[in-house]
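Open the model in your viewer and keep the selection panel at hand. We will go from single residues to the sheet and the core.

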Amino acid sequence: MSYASVHIDVPPTANRMWRNGNTRHGKSAEYEGWKRAASWDINVQRKGFKFTDPVEVTIIAKQPHALRDLDNLIKPTLDSLQAGCLLSNDNIVRCILARWARETDEPDLKGEKMRVEVRSYT
């Protein structure tokens, strides 16, 4: 079984991922900046490894505030895993577990806000 673990910042909230202009609707500069930084961090941490077969993903994040929705972490995280070349395509993900960090997770988060684990799906 193949395994990788990367640490990245928590993505912006869903409400701040999109911008509405007079003529177009698109991703916000804040989201694009986060994705660029997360992709860079993932690319450095993956050490040349890339998943091409089905995987399962676990997301463990520090909850920034009590009103933050956990499900808003999923799509941006998968997009950054693909952009950072850890996944050949995010359509190979077969299972996702996302949860807020417990006190016992804190030391392993290494001061980062989110840990993403990717395993072969067997």
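Leaving aside its neighbours within four places in sequence, which residues is Ala-38 in contact with? Select Ala-38 and look around: Ile-8 and Ser-80 are the contacts beyond that sequence window. Bear in mind that this is a predicted model.

**Stop 1: around Ala-38.** Colour residues 29–45. This is helix H2, and Ala-38 is part of it. Is Ala-38 buried or exposed? Its relative accessibility is 3%, under the 20% cut-off, so Ala-38 counts as buried. Now add Pro-76. It is 38 residues away from Ala-38 along the chain, yet their C-alpha atoms are 9.8 Å apart.

**Stop 2: Thr-77.** Move to helix H3, where Thr-77 sits. Thr-77 has 0% relative accessibility and therefore counts as buried. Show what surrounds Thr-77. Beyond four places in sequence, its contacts are Pro-11, Trp-34, Ile-59, Met-114 and Val-116.

**Stop 3: the whole chain.** Zoom out and switch to cartoon. You should find 3 helices and 6 strands. Trace them from the N terminus: the order is β-α-β-β-α-β-α-β-β. Of the 122 residues, 41% count as buried. Turn on the surface: the chain exposes about 7100 Å², with carbon and sulfur atoms supplying 48% of that area. Among contacts with a separation of 6 or more, 83% link residues 24 or more positions apart.

**Stop 4: the sheet.** Select E1, E6, E4 and E5. These 4 strands make an open sheet in that order, with mixed pairing. Which strands stand at the edges? They are E1 and E5; each has a single partner strand, so one side of each lacks a neighbour in the sheet. From one strand to the next, the twist averages 15°. Now isolate E4 and E5. They run parallel and are joined by 7 bridges. Click Val-57 and look across to E5: Ile-96 stands opposite.

**Stop 5: the core.** Keep Val-57 selected, and add Leu-81, Val-116 and Val-118. In the largest nonpolar core, which has 25 residues, these four touch the most other members. Which elements supply at least two residues each? Strands E1 (3–8), E4 (55–61), E5 (93–100) and E6 (114–120) do, and so do helices H2 and H3 (74–83).

Finish on Val-118. Leaving aside neighbours within four places, its contacts include Tyr-3, Phe-51, Val-57, Leu-81 and Leu-87.

Conventions. Residues are numbered from 1 along each chain as its sequence is written. This is a predicted model: local features need pLDDT of at least 70, side-chain atom pairs count only at pLDDT 80 or more; totals for chains, interfaces and linings use all residues. Side-chain values use heavy atoms; hydrogens and water are left out. Buried means under 20% relative accessible area, exposed over 50%, partly exposed in between (1.4 Å probe, protein chains only). Contact means heavy atoms within 4.5 Å. A nonpolar core is a set of buried Ala, Val, Leu, Ile, Met, Phe, Trp, Tyr and Cys residues joined through side-chain atoms within 4.5 Å. Accessible areas come from the Shrake-Rupley method with a 1.4 Å probe; for residues, only the protein chains shown count as cover. Two strands pair if DSSP finds at least two bridges between them. Axes are lines fitted to C-alpha atoms, for helices over the stretch in contact, and angles run from 0 to 180 degrees between N-to-C directions.
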